[in-house]
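Thanks for making the time this morning. I would like to talk through one residue and then one interface, and I will put the structure up before I begin.

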There are 4 protein chains.
Amino acid sequence: MDKLRVSLLGATGIVGQKMVRLLSSHPFIELTKVSASPSKIGKRYIEAVKWIEGYEMPDTVKDLRIVSTEPEDHKDVDVVLSALPNELAEGIELKMVREGITVISNASPFRMDPEVPLINPEVNWEHLRLLETQRQKRGWKGLLVKNPNCTAAIMSMPLKPLLKYHLDNMILTTLQSVSGAGYNGLGFMSITNNIIPFIKGEEEKIPKESGKMLGTLIGDSIKNVEFRAAVTSTRVPVKVGHTGVMYLFFNSPVDAEEVKRELSSFKSLPQERNLPTAPKTPIRVLEGEDRPQPELDVRAEGGMAISVGRIRNENGGLRMVVLGDNLVRGAAGITILTLEVMKELGYI
Amino acid sequence: MDKLRVSLLGATGIVGQKMVRLLSSHPFIELTKVSASPSKIGKRYIEAVKWIEGYEMPDTVKDLRIVSTEPEDHKDVDVVLSALPNELAEGIELKMVREGITVISNASPFRMDPEVPLINPEVNWEHLRLLETQRQKRGWKGLLVKNPNCTAAIMSMPLKPLLKYHLDNMILTTLQSVSGAGYNGLGFMSITNNIIPFIKGEEEKIPKESGKMLGTLIGDSIKNVEFRAAVTSTRVPVKVGHTGVMYLFFNSPVDAEEVKRELSSFKSLPQERNLPTAPKTPIRVLEGEDRPQPELDVRAEGGMAISVGRIRNENGGLRMVVLGDNLVRGAAGITILTLEVMKELGYI
Amino acid sequence: MDKLRVSLLGATGIVGQKMVRLLSSHPFIELTKVSASPSKIGKRYIEAVKWIEGYEMPDTVKDLRIVSTEPEDHKDVDVVLSALPNELAEGIELKMVREGITVISNASPFRMDPEVPLINPEVNWEHLRLLETQRQKRGWKGLLVKNPNCTAAIMSMPLKPLLKYHLDNMILTTLQSVSGAGYNGLGFMSITNNIIPFIKGEEEKIPKESGKMLGTLIGDSIKNVEFRAAVTSTRVPVKVGHTGVMYLFFNSPVDAEEVKRELSSFKSLPQERNLPTAPKTPIRVLEGEDRPQPELDVRAEGGMAISVGRIRNENGGLRMVVLGDNLVRGAAGITILTLEVMKELGYI
Amino acid sequence: MDKLRVSLLGATGIVGQKMVRLLSSHPFIELTKVSASPSKIGKRYIEAVKWIEGYEMPDTVKDLRIVSTEPEDHKDVDVVLSALPNELAEGIELKMVREGITVISNASPFRMDPEVPLINPEVNWEHLRLLETQRQKRGWKGLLVKNPNCTAAIMSMPLKPLLKYHLDNMILTTLQSVSGAGYNGLGFMSITNNIIPFIKGEEEKIPKESGKMLGTLIGDSIKNVEFRAAVTSTRVPVKVGHTGVMYLFFNSPVDAEEVKRELSSFKSLPQERNLPTAPKTPIRVLEGEDRPQPELDVRAEGGMAISVGRIRNENGGLRMVVLGDNLVRGAAGITILTLEVMKELGYI
């Protein structure tokens with residue numbers, strides 16, 4: 001089988017490097033182009049990057065020359081993956097899609113656009129069907145698929161199997177790691193030995209994006225799930241892994257033991273089709289009273305599995321602690337898994 | 001004026017050292033005796049302690065000889081302050097009280113005893129009146145006064161001025177510092193770059209002790225405040241300062257702006273009587289959207305003030321982030337302030 | 001007595017804030033002007049600064065309006081203190097000095113200029129006499145005095161009393177804190193749980209600047225002390241405090257016990273004249289085998305004292321571990337103490 | 001081929017767990033017995049251990065029952081590997097060796113015994129020949145082989161190829177990670193944001209053990225290499241990886257560029273025989289001016305390679321910064337590689 005040829009935007013950032021590593025051993029995706037900021041164009045990847053993803057750069061990427069983000073530099077690939085910063089993504093991605101390129105992107109613009117699927121593969125791979133609507137209504141020659149905010153990617157996973165209880169209210173406090181702000185996002189002096197109880201924009205994104213992902217594709221549009229939500233996002237001195245302390249109140253009674261069974265047995269299309277980046281167990285239910293912990297659990301299944309612990313009925317609702325790898329499940333891995341699903345279903 | 005003579009149990013631990021420092025410059029309390037574990041008896045304090053409280057030990061304590069925890073070693077002091085470990089406190093403190101000694105203690109046994117006042121001075125100094133009942137019913141020759149768990153000391157403060165709204169439900173996630181477990185409580189390997197989402201016993205103590213402190217002394221007993229509560233306590237890699245993300249749902253409507261005014265103008269007896277350890281502003285309301293932060297706020301008013309930020313109406317309730325110094329407001333300082341109140345009111 | 005009126009360049013940076021705090025309670029220096037980057041001019045200090053120096057900004061500075069770095073904005077002060085970044089300092093400071101202003105500066109340009117005194121007060125206050133030469137030869141209307149690099153300020157202190165042994169070779173490994181790179185100098189992701197064994201420019205500055213400070217003013221010029229040196233500077237995940245592991249080889253025999261006596265009894269003009277910012281004991285000799293430690297020792301005497309431990313004869317030389325506060329002794333405090341000495345000696 | 005059956009002492013500690021993981025996928029070693037402290041005997045491994053080595057325990061070890069350290073519990077294995085604490089090791093290991101068991105041990109007793117080989121495989125695999133002497137002179141029925149202190153294991157590697165220059169003097173400052181003290185060795189409060197400039201016993205062990213390992217087996221005894229050494233060992237807030245800043249002075253002239261070639265081309269028997277745990281490049285020479293760094297380099301070749309950077313001629317000698325994984329190259333991996341060499345050479 002010929003490999004899928006992909007190109008990567010934002011290839012030198014922390015998420016871009018994670019994608020480079022994940023793709024370096026991929027069975028059917030081949031990274032053939034890398035793009036970065038204008039000052040790096042023409043350089044070899046190894047010269048353009050400050051490599052921080054593990055100790056050794058994959059050989060296959062070292063000599064790739066950095067190309068621009070102009071569509072003509074990406075005409076001969078099958079898909080463009082985007083790890084662009086949010087503030088640059090909109091214009092660049094749109095131009096590509098208009099010129100016929102398929103883009104799967106981690107960046108925030110268009111996530112809430114009703115004609116753009118916002119995909120967390122296990123949760124809502126069916127929403128890819130929205131691409132037909134997208135093509136008809138927008139007249140784009142290419143396709144645009146979005147992945148959610150890293151925290152929404154993590155927190156939406158255990159909500160999916162619990163939808164049948166009819167979520168009324170979610171009260172969520174997140175303890176988010178520093179890598180979520182990018183490699184240079186937070187100074188040592190500001191966050192070491194500290195907590196910053198605020199992350200700009202985050203508290204709104206989580207319920208909004210989750211509501212879309214958990215929604216149902218009816219006809220040619222998505223009907224978002226509606227629920228009340230109050231989110232407080234804090235930054236903690238942890239490198240990788242976003243933790244959420246989640247209180248859920250449902251319209252139907254829930255039983256914690258049943259919830260555990262439903263979460264731990266949850267499977268979806270990526271598991272059924274045995275896709276290479278899919279975790280075998282997307283939601284690990286941990287019984288240890290002091291779990292999940294970032295240092296012990298965040299790397300589960302290469303960072304693609306979500307860990308959930310401390311599940312308990314509380315105050316008429318359900319309490320659980322949810323942890324996921326914001327760089328893999330929340331960013332690089334989710335994009336690659338989305339690509340795998342799209343290929344599996346014939347979108348590519 | 002003659003100084004009050006006090007003796008200190010657990011004088012070499014992290015809370016004990018904090019008390020030693022706070023007392024070293026106290027206008028009317030003099031530390032005259034220090035007690036520690038049996039192997040240290042007879043040693044000079046400077047030899048018995050691994051001093052970690054700032055860079056310089058107060059001169060006045062250096063040559064004090066460590067005494068035992070037997071009552072006869074504490075007969076000639078006015079009050080015994082206890083920073084004993086919970087598991088040792090019950091027997092030692094009870095024996096002292098029975099033999100006529102007044103003990104103010106940080107340790108957990110007896111905190112929920114209906115005849116023992118559990119004092120957070122600004123919140124419930126009036127409960128000291130329970131000491132009359134205690135004396136009558138128990139037949140102890142001395143007095144026993146307890147201070148709350150460090151997190152309960154911090155979280156109960158902003159609840160006090162909000163009692164009039166009739167609290168129905170509190171959903172609280174705490175991010176607690178490592179010093180709360182004692183100087184050797186947690187290893188570097190276990191908590192650095194990590195979160196441990198569980199602290200043994202903590203989740204129950206916070207609402208129970210708060211309910212007692214916020215209660216009303218009616219006749220000769222305290223009627224606890226009743227409210228529903230769900231607490232998740234997590235440990236984070238921060239040295240000092242417990243943070244709580246608090247969602248409060250009341251039976252009466254609340255307005256966030258009014259709450260800010262009520263919290264920031266809150267005063268109580270310690271402020272009115274201008275007691276030396278009392279913070280001028282017990283509750284600091286911070287407007288900065290990213291506050292309170294342990295590194296910036298925990299030392300406010302020498303660690304005796306609570307900082308509250310991110311106050312907002314949410315989901316029909318109230319959200320706020322509460323921070324306090326677990327070693328000062330939560331332990332050493334609250335005990336000393338309790339003593340000051342007891343002296344002011346003539347209990348000593 | 002009228003207070004000295006000073007103005008502060010770089011007032012919103014980490015060193016600038018430390019100066020603001022130190023000056024807020026100074027007996028005879030009054031901070032009357034603050035300057036910062038152009039975008040902040042005209043703002044009140046409290047609006048222009050992201051305050052990170054303790055929990056409470058001194059009231060006296062809050063309403064000062066930020067002024068420019070142009071000399072005309074600083075005509076009515078007695079002295080200008082500079083905490084400017086190195087890359088901006090040269091032009092700004094020179095312009096001021098030419099127009100008649102006395103500048104005491106922490107920034108690196110001119111430090112090795114033979115007509116500019118490089119002052120670490122206890123080490124070489126006598127070098128201020130070079131200002132007469134400066135005035136004659138340069139034709140500047142004002143005066144320019146420099147303070148050393150923070151590490152050189154710390155490491156040069158214990159070398160001073162040992163000069164009589166005739167230093168031949170210094171082998172120094174430094175473990176420098178992150179604040180030495182400024183508040184935003186290093187990201188959490190890059191230095192947490194890590195060591196970076198290189199700091200640009202640092203390895204050369206330490207011996208060069210130390211050689212000048214330890215030199216002798218002969219006639220109208222300084223004869224630097226010559227010695228061989230090899231320095232390796234590393235960055236460690238510590239907020240404040242630079243540590244040096246120092247091996248010294250002398251031309252005369254040294255005895256570790258004698259060295260301890262000489263270091264601990266070292267006094268200089270700032271101590272003799274009892275200047276307000278001078279530490280009583282500039283060099284603390286610690287006998288504990290595991291000292292000095294940043295968390296226990298860096299705040300000694302308000303950060304102005306150097307701590308030295310593990311003094312031992314080794315391999316025919318002397319080994320010691322030296323620690324100092326890079327923000328106080330190494331920057332803000334040294335500048336203020338220099339000003340105090342200059343006033344005491346009539347230079348201002 | 002039948003697998004070698006091994007038993008592991010100290011199987012629940014931090015080094016023991018690392019061995020469990022490394023052995024779980026070993027091509028010809030099978031872990032068949034695990035031993036731990038008496039209170040755990042009879043439990044399944046999964047019940048007896050607080051697992052902290054990655055997120056998933058190997059299935060093969062989960063159900064092994066903890067056995068005692070008595071020889072009769074280890075009769076039917078080929079080799080016993082010991083990760084025992086130093087204070088327990090001597091008696092237990094000696095008893096086993098006397099009863100005919102072959103023990104390869106990480107613990108310190110017997111390391112400097114002239115009849116016990118102290119093996120860092122690439123450095124001195126030839127010393128295994130000393131086992132013949134051991135057998136003759138001691139009359140033990142089994143064999144005892146030791147591995148060095150973790151820091152000595154790391155620092156001795158780059159010294160080996162430089163022996164021909166005739167080392168005269170080594171001045172070494174180490175920055176050692178917390179895991180070197182064991183999982184519970186250092187509290188968060190004591191080492192976070194701190195440096196402790198002393199590690200008990202370490203400063204003597206490094207040169208002594210290195211001198212033995214770098215020595216030559218002449219006839220039936222080892223002639224240690226003699227050189228002067230001064231070592232200062234510091235503990236830094238890093239989880240894994242010991243760094244050394246090394247100054248070497250030789251009797252012959254050395255050229256830094258030549259040193260780089262010699263270090264990077266160094267190979268030994270484990271590489272020549274392609275042993276499974278042997279790193280392909282035992283010494284990685286890094287050209288980046290800010291390398292090696294624990295976060296980027298410590299996992300090189302699974303933690304078995306040493307990283308060396310900042311190689312430079314200085315003051316007539318050579319300066320370099322050396323980094324290695326104290327848990328793998330310094331403990332678990334070195335023991336397994338020693339076993340592989342012993343098998344390869346027919347000692348087992």
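I will start with a single threonine and then move on to the interface of chain B and chain A.

Please keep in mind that what you see is a predicted model. The residue I picked is T192(B), which sits in the loop between α8 (188–191) and α9 (202–213) of chain B. Is T192(B) buried or exposed? Its relative accessibility is 11%, and because the cut-off for buried is under 20%, T192(B) counts as buried. A polar atom of its side chain lies 2.8 Å from the backbone oxygen of F188(B). If we set aside neighbours within four places in sequence, the contacts of T192(B) are E295(A), P237(B), F188(D), T192(D) and K239(D).

Turning now to the interface, 43 residues of chain B are in contact with 43 residues of chain A, and the area buried between these two chains is about 3,500 Å², with carbon and sulfur atoms giving 55% of it. On the chain B side, the residues that lose the most area to chain A are N193(B), I195(B) and N315(B), which together make up 18% of what that side buries.

As for the polar side of the picture, the rule finds 6 salt bridges across this interface, one of them between the side chains of E203(B) and R310(A), at 2.4 Å from N to O. There are also 20 residue pairs in polar contact between chain B and chain A, counting pairs with both residues at pLDDT 80 or more. Among the elements of chain B, β10(B) gives the most to the side that touches chain A, with 7 residues, and the residues of that side divide into 20 nonpolar, 12 polar and 11 charged.

Definitions and conventions: Residues are numbered from 1 along each chain as its sequence is written. Chains are lettered from A and ligands numbered from 1 in the order in which they are written. This is a predicted model: local features need pLDDT of at least 70, side-chain atom pairs count only at pLDDT 80 or more; totals for chains, interfaces and linings use all residues. Side-chain values use heavy atoms; hydrogens and water are left out. Helices (H or I, at least four residues) and strands (E, at least two) are DSSP runs, numbered from the N terminus. Buried means under 20% relative accessible area, exposed over 50%, partly exposed in between (1.4 Å probe, protein chains only). A polar contact is a pair of N or O atoms within 3.5 Å; within protein, one must be able to donate a hydrogen and the other to accept it, and residues adjacent in sequence count only if both atoms are side-chain atoms. Contact means heavy atoms within 4.5 Å. Buried area is the accessible area (1.4 Å probe) that two parts lose on being put together, summed over both. A salt bridge is a side-chain nitrogen of Lys or Arg within 4 Å of a carboxyl oxygen of Asp or Glu. Ala, Val, Leu, Ile, Met, Phe, Trp, Tyr, Cys and Pro count as nonpolar, Asp, Glu, Lys and Arg as charged, and the others, Gly among them, as polar.
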